[in-house]
Amino acid sequence: MRIAGPLSGVTVVELAGIGPGPFAAMLLADLGADVIRVDRPTGAGLAPAPPTADVLNRGKRSVVLDLKRPEAVEALLALTATADVLIEGNRPGVTERLGVGPDDVWARNPRLVYGRMTGWGQDGPWAHTAGHDIGYIALTGALHAIGPADGPPVPPLNLLGDFGGGSTYLVIGVLAALAEAARTGRGQVVDAAILDGASHLLAAIHAMLGSGRWTDRRGANMLDGGTPYYAVYATADGGHMAVGALEPKFYAEFLRLLGVDEDPARQHDRDHWPELRATIAAAFASRTRDEWATVFAGTDACVAPVLGLTEAATHPQVAARGSVVEHDGRLQPGPAPRFSGHPVADPAPSPAPGAHSREVLAAAGVDVDALLASGAAVQA
């Protein structure tokens with residue numbers, strides 16, 4: 001059963017891929033949209049888990065179509081004829097060659113929003129070049145800014161590029177285009193490039209750089225571990241504590257609870273920072289992570305324990321919000337954001353590829369038996 005959310009009544013057709021496209025479609029499903037995932041007979045390549053265990057598939061319905069077959073292409077066009085959104089993550093020009101490009105679907109449904117998810121975008125000298133998250137954020141300057149001053153840049157998983165700069169911006173674009181389509185009756189292409197989105201996420205950093213408050217090197221700034229009061233420190237048991245005591249009143253509270261004899265007025269004295277960092281490090285090294293977590297819990301010192309993925313699910317704040325939940329023995333994020341008009345619902349399961357081929361295609365008016373018999377479609 002699909003979640004009843006603010007996008008209930010919206011139908012999304014997702015051409016199966018990996019990473020940011022599926023995550024964007026998952027988010028739309030979490031918001032209540034009916035997401036029909038068009039899977040390939042051969043699977044989706046670097047998928048993070050088997051289909052029924054892949055969180056990115058949750059809440060969707062699955063149809064398997066071999067889009068190399070003209071009758072499967074016709075079936076897909078039938079699905080888009082009554083859909084509101086199509087999402088694809090192929091290189092530029094691929095869906096046009098398949099016969100399911102924007103003009104092809106608009107010929108049957110001019111209101112459809114066509115969401116395109118790529119790394120480099122639909123144009124430019126690198127548009128047709130293969131890539132992954134690490135390369136996209138490398139060109140934006142974001143990767144250069146993350147990591148220790150005396151070491152190489154550190155990839156921030158694939159959160160900043162694929163999901164932050166990619167999926168999030170695709171969803172924003174799709175929702176904006178849906179709003180306009182409701183007014184005008186016309187859909188449009190949403191060109192969501194990870195390169196663009198990750199660059200856009202750096203807006204505040206660019207503002208600080210332009211005003212002289214940011215240095216274009218790692219480990220030398222307020223938010224990159226360059227300051228001793230916004231950094232991570234090791235504890236006696238090998239754990240870590242994250243300190244983000246930026247504001248003076250929070251910094252003063254941090255020093256008090258840490259139990260060090262430091263003058264809060266010297267917070268921004270750069271000449272004193274090496275000594276201050278050593279003092280803070282020595283203090284944290286005197287107790288375990290959980291002991292320090294107890295000291296700082298519920299205070300305004302802006303200090304938190306660094307938790308592992310499985311630990312995080314049991315933290316009181318995470319558990320209270322349902323930010324991470326467990327289903328069928330597997331952890332996954334709870335829906336976000338939350339809406340006052342819709343109670344939070346448990347995430348729906350992830351379907352096997354082709355689990356809904358018959359019901360979905362029949363509803364679109366397709367001759368399902370003929371399609372299945374030809375092998376152009378597969379029913380799980």
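This text leads through a predicted model, going from its sheets to a pair of packed helices, then to its aromatic rings and finally to one loop residue.

A good place to begin is with the strands, and with one general idea about them. Strands of a sheet pair through backbone hydrogen bonds, either parallel or antiparallel. In this model, an open sheet of 7 strands follows the order E6-E5-E4-E1-E2-E3-E12, and its pairing is mixed. Strand E6 (189-193) and strand E12 (377-378) stand at the edges of that sheet, and because each has a single partner strand, one side of each is left without a neighbour in the sheet. The partner of E6 can be followed in detail: strand E5 (residues 113-118) runs parallel to E6 and is joined to it by 5 bridges, and within this pairing Arg 116 has Asp 191 in E6 as its bridge partner.

Other strands show the antiparallel arrangement. Strand E7 (residues 230-234) and strand E8 (residues 240-244) run antiparallel and are joined by 5 bridges, with Val 232 finding its bridge partner in Ala 242 of E8. These two strands form a hairpin with 5 residues between them, and in the turn Gly 238 has a positive phi of about 90 degrees. E8 is also joined by 3 bridges to strand E9 (residues 303-305), again in an antiparallel manner. Here Ala 242 appears once more, since its bridge partner in E9 is Ala 304, while its partnership with Val 232 belongs to the hairpin.

Returning to the edge strand E6, the reader can look for helix H7, which lies across E5 and E6 and runs at about 65 degrees to E6. This helix (residues 194-201) also packs with helix H6 (residues 159-184), at an angle of about 100 degrees and with the axes 8 Å apart. Angles of 65 to 115 degrees count as roughly perpendicular, and therefore H6 is roughly perpendicular to H7. Which residues of H6 and H7 meet? On the side of H6 they include Leu 160, Asp 162 and Tyr 169, and on the side of H7 they include Ile 194, His 200 and Leu 201. Taken together, the residues of this contact divide into 5 nonpolar, 6 polar and 1 charged.

The aromatic rings come next. A pair of aromatic rings is described by the distance of the centres and the angle of the planes. The count comes to 12 aromatic pairs in this model, and one of them is the tilted pair of Phe 23 and Phe 163, with 4.9 Å centre to centre and 50 degrees between the planes. Phe 23 lies in helix H1 (residues 20-30) and Phe 163 in helix H6, so the pair ties together parts that are 140 residues apart in sequence. Phe 23 counts as partly exposed, at 23% relative accessibility, whereas Phe 163, with a relative accessible area of 17%, is buried. Elsewhere, one aromatic cluster is formed by several residues, among them Tyr 233, Trp 273, Phe 284 and Trp 292.

The last stop is Ser 286, which has its place in the loop between helix H10 (273-284) and helix H11 (289-296). With a relative accessibility of 52%, Ser 286 counts as exposed. Leaving aside its neighbours within four places in sequence, Ser 286 is in contact with Ala 236 and Trp 292, and Trp 292 belongs to the aromatic cluster. Between the C-alpha atoms of Ser 286 and Leu 201, which are 85 residues apart along the chain, the separation is 38 Å.

Conventions: Residues numbered from 1 in each chain as written. Predicted model: local features only at pLDDT ≥ 70, side-chain atom pairs only at ≥ 80, totals over all residues. Heavy atoms only, no water. Axes fitted to C-alpha atoms, helices over the stretch in contact; angles between N-to-C directions. Helix = DSSP H or I, 4+ residues; strand = E, 2+ residues; numbered from the N terminus. Parallel < 35°, antiparallel > 145°, perpendicular 65-115°, else oblique. Contact = heavy atoms within 4.5 Å. Nonpolar A, V, L, I, M, F, W, Y, C, P; charged D, E, K, R; others polar. Pairing = 2+ DSSP bridges. Phe/Tyr/Trp six-rings, centres within 6.5 Å; stacked < 30°, edge-to-face > 60°. Buried < 20%, exposed > 50% of the residue type's maximum accessible area, 1.4 Å probe, protein only.
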